[in-house]
Amino acid sequence: MQLIVHYDVTDITKWKAAFDDDAEARRDAGLTVLQVWKDPDSTQRAAVLLDVNDRARAQKWLDRSDALSVDDAQTVTATSAHFLETM
């Protein structure tokens, strides 16, 4: 299973540094980063594809990330997240 998260951010450089700093929390949630993308036409959009080892732990990571703006250096203005499975 994978998880794709779309981020709207105020500062993509600060957001990426904060995202990188959250690596231990992602590992603890059973998540592995597969890809990180930035929108080529905007400095305020990013997306991340993660491999999910445990959906319940991944959901807790999402809930924590949404609740604690300090995790993203207060750069995230909106997110959307979707769990996906290969068909």
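Which residue of strand 3 does V36 stand opposite? Keep that in mind while you get your bearings. What you have open is a predicted model, and numbering starts from 1 along each chain.

**Stop 1: the hairpin**

Select strand 2 (31-38) and strand 3 (45-52). These two strands form a hairpin with 6 residues between them. They pair in the antiparallel sense over 7 bridges. Now click V36, and you'll find V48 of strand 3 opposite. That settles the opening question.

Next, move to the loop between strand 2 and strand 3 and pick out S42. Is S42 buried or exposed? With a relative accessibility of 18%, S42 counts as buried, because the cut-off for buried is under 20%. Show the side chain here: one of its polar atoms lies 3.0 Å from the backbone nitrogen of Q44.

**Stop 2: the whole sheet**

Zoom out and color the strands. You're looking at an open sheet of 4 strands, with antiparallel pairing and the order 2-3-1-4. Which strands stand at the edges? They are strand 2 and strand 4 (76-84), and each has a single partner strand, so one side of each is left without a neighbour in the sheet. Turn the view a little: neighbouring strands are turned by 20 degrees against each other on average, direction ignored. As background, strands of a sheet pair through backbone hydrogen bonds, either parallel or antiparallel.

**Stop 3: strand 1**

Select residues 2-9, which make up strand 1. Strand 1 pairs with strand 3 in the antiparallel sense over 7 bridges. With strand 4, strand 1 also pairs in the antiparallel sense, over 8 bridges.

A good residue to click is I4. Its bridge partner in strand 3 is L49, and in strand 4 I4 stands opposite H82. Then try Q2, whose bridge partner in strand 4 is L84.

How many residues of strand 1 are buried? The count is 6 of 8, so the strand is mostly covered.

**Stop 4: an aromatic cluster**

Stay in strand 1 and select Y7. Y7 is buried, at a relative accessible area of 10%. Add W15 and F19 to your selection: together with Y7 they form one aromatic cluster. There are 2 aromatic pairs in the count. One of them is Y7 with W15, a tilted pair at 5.0 Å centre to centre and with 50 degrees between the planes. W15 is buried as well, with a relative accessible area of 3%.

While F19 is on screen, add R26. R26 lies over the face of F19, at 3.8 Å from the ring centre.

Before you leave Y7, draw a line from its C-alpha to that of W37. The two residues are 30 apart in sequence and 10 Å apart in space.

**Stop 5: helix 1**

Now select residues 12-21, which form helix 1. Which residues of helix 1 are buried? They are I12, W15, A18 and F19. Look down the helix axis: the buried residues fall within an arc of 125 degrees, so they line one face of the helix. The general rule behind such patterns is that an α-helix has 3.6 residues a turn, so residues three or four places apart point the same way.

Spin the helix around to the face turned away from the buried side. There you'll meet the exposed residues T13, K14 and D21.

**Stop 6: helix 3**

Jump along to helix 3, residues 55-67, and pick L62. At 10% relative accessibility, L62 counts as buried. For a sense of scale, draw a line between the C-alpha atoms of L62 and R45: they are separated by 18 Å, with the two residues 17 apart along the chain.

**Last stop: a charge over a ring**

Finish by selecting R55 and F83. Where does the charged end of R55 sit? You'll find it over the ring of F83, 4.2 Å from the ring's centre.

Conventions. Predicted model: local features only at pLDDT ≥ 70, side-chain atom pairs only at ≥ 80, totals over all residues. Heavy atoms only, no water. Pairing = 2+ DSSP bridges. Axes fitted to C-alpha atoms, helices over the stretch in contact; angles between N-to-C directions. Phe/Tyr/Trp six-rings, centres within 6.5 Å; stacked < 30°, edge-to-face > 60°. Buried < 20%, exposed > 50% of the residue type's maximum accessible area, 1.4 Å probe, protein only. Lys NZ or Arg CZ within 6 Å of the ring centre and 35° of its normal. Polar contact = N/O pair within 3.5 Å; in protein donor to acceptor, adjacent residues only side chain to side chain. Arc of directions from axis to C-beta.
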